[in-house]
Amino acid sequence: MKITVRAVKSGELHILPVVEGVQVVRHRLPVVPGACPFSGNPVKGWIEIRYSPTTAVLEVVDLARYVAWVSGGREGAPQSAEEVATQAARDCSAALGHAVWVCLCLHLRPSQRLVVKATAGGLAEGGD
């Protein structure tokens with residue numbers, strides 16, 4: 001679902017032309033709580049998508065829809081935290097045509113914090 005006429009479909013997502021001078025973009029979105037039908041995990045969490053745009057940026061309304069799908073345990077969605085992070089990295093990188101770094105941070109039962117980092121498009125791991 002795109003929100004602006006400037007957005008164009010690219011793979012699984014919509015993108016917009018980058019504004020000159022933008023060096024780094026970071027999106028941080030909440031993941032769907034309770035996506036696992038067995039454990040009820042995660043209790044809460046977020047996914048951060050980071051990249052240095054060359055020609056395009058991700059359209060934020062469509063990105064929110066995508067994160068709800070990829071982290072929501074729905075039909076066809078990834079079924080583990082590791083799969084969520086790697087799928088999001090691959091899809092965002094494919095849409096943008098350049099490297100993307102993803103960090104998935106989840107609070108789980110019983111009393112755990114799980115952090116999964118993934119990259120796609122040839123980017124070395126970055127940030128904390």
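Student: How far apart are the mean positions of the positive and negative charges of the protein chain?

Tutor: They are 6 Å apart, for 13 positive and 11 negative charges. Lys and Arg count as positive, Asp and Glu as negative, and His and the chain ends are not counted. Each charge is placed at NZ of Lys, CZ of Arg, CG of Asp or CD of Glu.

Student: What kind of model is this?

Tutor: This is a predicted model: local features need pLDDT of at least 70, side-chain atom pairs count only at pLDDT 80 or more, and totals for chains, interfaces and linings use all residues. Residues are numbered from 1 along each chain as its sequence is written, and side-chain values use heavy atoms, with hydrogens and water left out.

Student: How many helices and strands does the protein chain have?

Tutor: Two helices and seven strands. These are DSSP runs numbered from the N terminus: H or I over at least four residues for a helix, E over at least two for a strand.

Student: What order do the elements run in?

Tutor: From the N terminus, β-β-β-β-β-α-α-β-β. The radius of gyration is 14 Å, close to the 14 Å from the globule rule for 128 residues, so the chain is as compact as a globular protein of that length. That radius is taken over C-alpha atoms, and the rule is 2.2 Å times the number of residues to the power 0.38. Along its principal axes the C-alpha trace spans about 45 × 30 × 20 Å.

Student: What share of the residues is buried?

Tutor: Buried residues are 44% of the 128. Buried means under 20% relative accessible area, exposed means over 50%, and partly exposed is in between (1.4 Å probe, protein chains only).

Student: And contacts? What share joins residues at least 24 apart?

Tutor: 59%, counted among contacts between residues at least 6 apart in sequence. A contact means heavy atoms within 4.5 Å.

Student: Switching to salt bridges. How many are there?

Tutor: The count is four. The rule asks for a side-chain nitrogen of Lys or Arg within 4 Å of a carboxyl oxygen of Asp or Glu. In general, side chains of opposite charge can pair when their charged atoms come close.

Student: Which residue does R26 pair with?

Tutor: R26 pairs with E48, and their closest N and O atoms are 3.1 Å apart. R26 is in strand 3 (residues 25-30) and E48 in strand 4 (residues 44-51), so the bridge ties together parts 22 residues apart in sequence.

Student: Is R26 buried or exposed?

Tutor: R26 is exposed, at 52% relative accessible area. Its partner E48 is buried, at 4%. E48 also meets R50 in a salt bridge, 2.7 Å from N to O. R50 is buried too.

Student: What about D62? Which residue is its partner?

Tutor: R65, with the closest N and O atoms 2.9 Å apart. The two are three residues apart in helix 1 (residues 60-70), about one helical turn. D62 is buried at 0% relative accessibility, while R65 is partly exposed at 35%. Elsewhere, bridges that share partners join R26, R28, E48 and R50 into one network.

Student: How far is D91 from the nearest side chain of opposite charge?

Tutor: That side chain is R90, 5.7 Å away, and D91 is buried with no salt bridge. D91 lies in helix 2 (residues 81-96). Leaving out residues up to four places away in sequence, D91 touches E12, L13 and Y66.

Student: Where is T4 found?

Tutor: In the segment before strand 1 (8-10). T4 is partly exposed, at 21% relative accessibility. T4 and V61 are 57 residues apart in sequence, yet 9.3 Å apart from C-alpha to C-alpha. T4 touches L16 and E59, again not counting residues up to four places away.

Student: New topic. Which residues does a cis peptide bond join?

Tutor: N41 and P42, with omega about -5 degrees. P42 is in the loop between strand 3 and strand 4. The bond from R109 to P110 is cis as well, with omega near -10 degrees. P110 sits in the loop between strand 6 (100-108) and strand 7 (112-120).

Student: What is the phi of S111?

Tutor: Near 45 degrees, a positive value in a residue other than glycine. Most residues other than glycine have a negative phi, and most peptide bonds are trans. S111 is in the loop between strand 6 and strand 7. S111 is exposed, at 80% relative accessible area.
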